[in-house]
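Here is a guided walk through one protein chain. Keep the coordinates open and follow along.

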Amino acid sequence: MTVMDFNKRLERAIVRGEQTRDEQLRRRNEELMSEADLRSLHSRCRVELSERIEQCLQKLADHFPGFRFETLVNEDGWGAKVSRDDLELRAGGRKENRYSRLELLIRPFSPARIVELAAKGTIHNKEVLNRTHYQFLSQADVDSFAELIDLWVLEYAERYAARQ
């Protein structure tokens with residue numbers, strides 16, 4: 001074993017130790033937060049992220065005429081969706097209904113103590129997107145969620161434009 005190998009292994013061991021310390025700190029902080037504090041933090045994150053979802057989906061609907069925008073507030077969460085029904089005429093006079101939809105929701109507060117973003121997307125009756133992302137409330141980073149919302153909406157827009 002060379003000195004260089006040892007140095008690399010030493011650096012990795014230090015990084016693992018720091019990660020263990022950070023995880024222990026996160027758990028301790030989470031235990032110190034009361035249920036009311038966690039619900040309040042979840043509510044703040046939910047409001048900010050659902051506003052971001054609404055902004056992005058409204059812009060998507062503006063770029064693709066025919067999409068209907070709808071704000072969602074139900075037992076599944078808070079967010080929005082855009083959807084459209086297209087009628088395609090086939091050979092022989094047959095008609096085919098083609099449904100497209102993108103829905104993004106922030107799930108309600110749960111005992112898991114997380115902020116969870118869920119997305120479902122369908123283009124012309126085919127599911128093209130079904131994802132979830134979560135972070136522990138004690139580590140919630142609204143900016144990273146906002147970037148993910150942008151990314152998922154942009155990905156859907158690209159896929160939809162490619163299939164038109």
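His124 has a relative accessibility of 17%, so this residue counts as buried, the cut-off being 20%. The model is a predicted one. His124 sits in the loop between strand E4 (114-123) and E5. Its backbone stands out too: phi of His124 is positive, about 50 degrees, although the residue is not a glycine. Most residues other than glycine have a negative phi. Asn125 lies in the loop between E4 and E5 as well. Phi of Asn125 is again positive, near 70 degrees, and this residue is not glycine either. Buried or exposed does not quite fit here: at 44% relative accessibility, Asn125 is partly exposed.

Step onward into the strand. Leu129 belongs to strand E5, which spans residues 126-136. With 2% relative accessibility, Leu129 counts as buried. What surrounds Leu129, apart from its neighbours within four places in sequence? The contacts are Leu102, Ala119, Lys120, Gly121, Trp152 and Glu155. For a sense of scale, take Arg27: its C-alpha lies 32 Å from that of Leu129, and 102 residues separate the two in sequence.

One of those contacts, Glu155, leads to the charged pairs. Side chains of opposite charge can pair when their charged atoms come close. The model holds eight salt bridges. Glu155 forms one with Arg159, with 3.3 Å between the closest N and O atoms. Both residues are in helix H3, four residues apart, so about one helical turn separates them. Arg159 is partly exposed, at 32% relative accessible area. The pairing extends further: salt bridges with shared partners join Arg131, Glu155 and Arg159 into one network.

Now move to strands E1 and E2. Glu70 and Lys81 form a salt bridge, their closest N and O atoms 4.0 Å apart. Glu70 is in strand E1 and Lys81 in strand E2 (residues 77-89), so the bridge ties together parts 11 residues apart in sequence. The two ends differ in cover. Glu70 has a relative accessible area of 39% and is partly exposed. Lys81, at 16% relative accessibility, counts as buried.

Another salt bridge joins Glu103 and Arg101, at 3.7 Å from N to O. Here Glu103 is the buried partner, at 15% relative accessibility. Arg101 is partly exposed, with a relative accessible area of 21%.

Next come the rings. How many aromatic pairs are there? The count is five. Phe64 and Phe67 make one of them: their ring centres are 6.2 Å apart and their planes meet at 65 degrees, so the pair is edge-to-face. Phe64 and Phe67 are each buried. Phe67 also pairs edge-to-face with Tyr160, at 5.1 Å centre to centre and 65 degrees between the planes. Phe67 lies in the loop between helix H2 (35-63) and strand E1 (68-74), while Tyr160 lies in helix H3 (residues 142-163), so this pair links parts that are 93 residues apart in sequence. Tyr160 is buried, as is Phe67. Ring pairs gather Phe64, Phe67, Tyr156 and Tyr160 into a cluster.

Charges sit over rings as well. Arg84 lies over the face of Phe67, 5.4 Å from the ring centre. Arg46 does likewise with Trp78, at 4.2 Å from the ring centre.

Helix H2 offers another buried site. His42 lies in this helix. At 2% relative accessibility, His42 counts as buried. Which residues does His42 touch, not counting those up to four places away in sequence? They are Arg107, Pro108, Phe109, Ile114, Val115 and Leu137.

Finish at the surface. Phe6, Leu10 and Ile14 form a nonpolar patch there, with about 280 Å² of accessible area together. Ile14 is found in helix H1, residues 3-32. Its relative accessibility is 45%, so Ile14 counts as partly exposed.

How values were computed: Residues are numbered from 1 along each chain as its sequence is written. This is a predicted model: local features need pLDDT of at least 70, side-chain atom pairs count only at pLDDT 80 or more; totals for chains, interfaces and linings use all residues. Side-chain values use heavy atoms; hydrogens and water are left out. Rings of Phe, Tyr and Trp (its six-membered ring) pair if their centres lie within 6.5 Å; planes under 30 degrees apart count as stacked, over 60 as edge-to-face and the rest as tilted. Buried means under 20% relative accessible area, exposed over 50%, partly exposed in between (1.4 Å probe, protein chains only). Helices (H or I, at least four residues) and strands (E, at least two) are DSSP runs, numbered from the N terminus. A charge sits over a ring if NZ of Lys or CZ of Arg is within 6 Å of the ring centre and within 35 degrees of the ring normal. Patches are made of residues with over 30% relative accessible area and no salt bridge: like charges are joined within 9 Å, nonpolar side chains (Val, Leu, Ile, Met, Phe, Trp, Tyr) within 5 Å. Accessible areas come from the Shrake-Rupley method with a 1.4 Å probe; for residues, only the protein chains shown count as cover. A salt bridge is a side-chain nitrogen of Lys or Arg within 4 Å of a carboxyl oxygen of Asp or Glu. Contact means heavy atoms within 4.5 Å.
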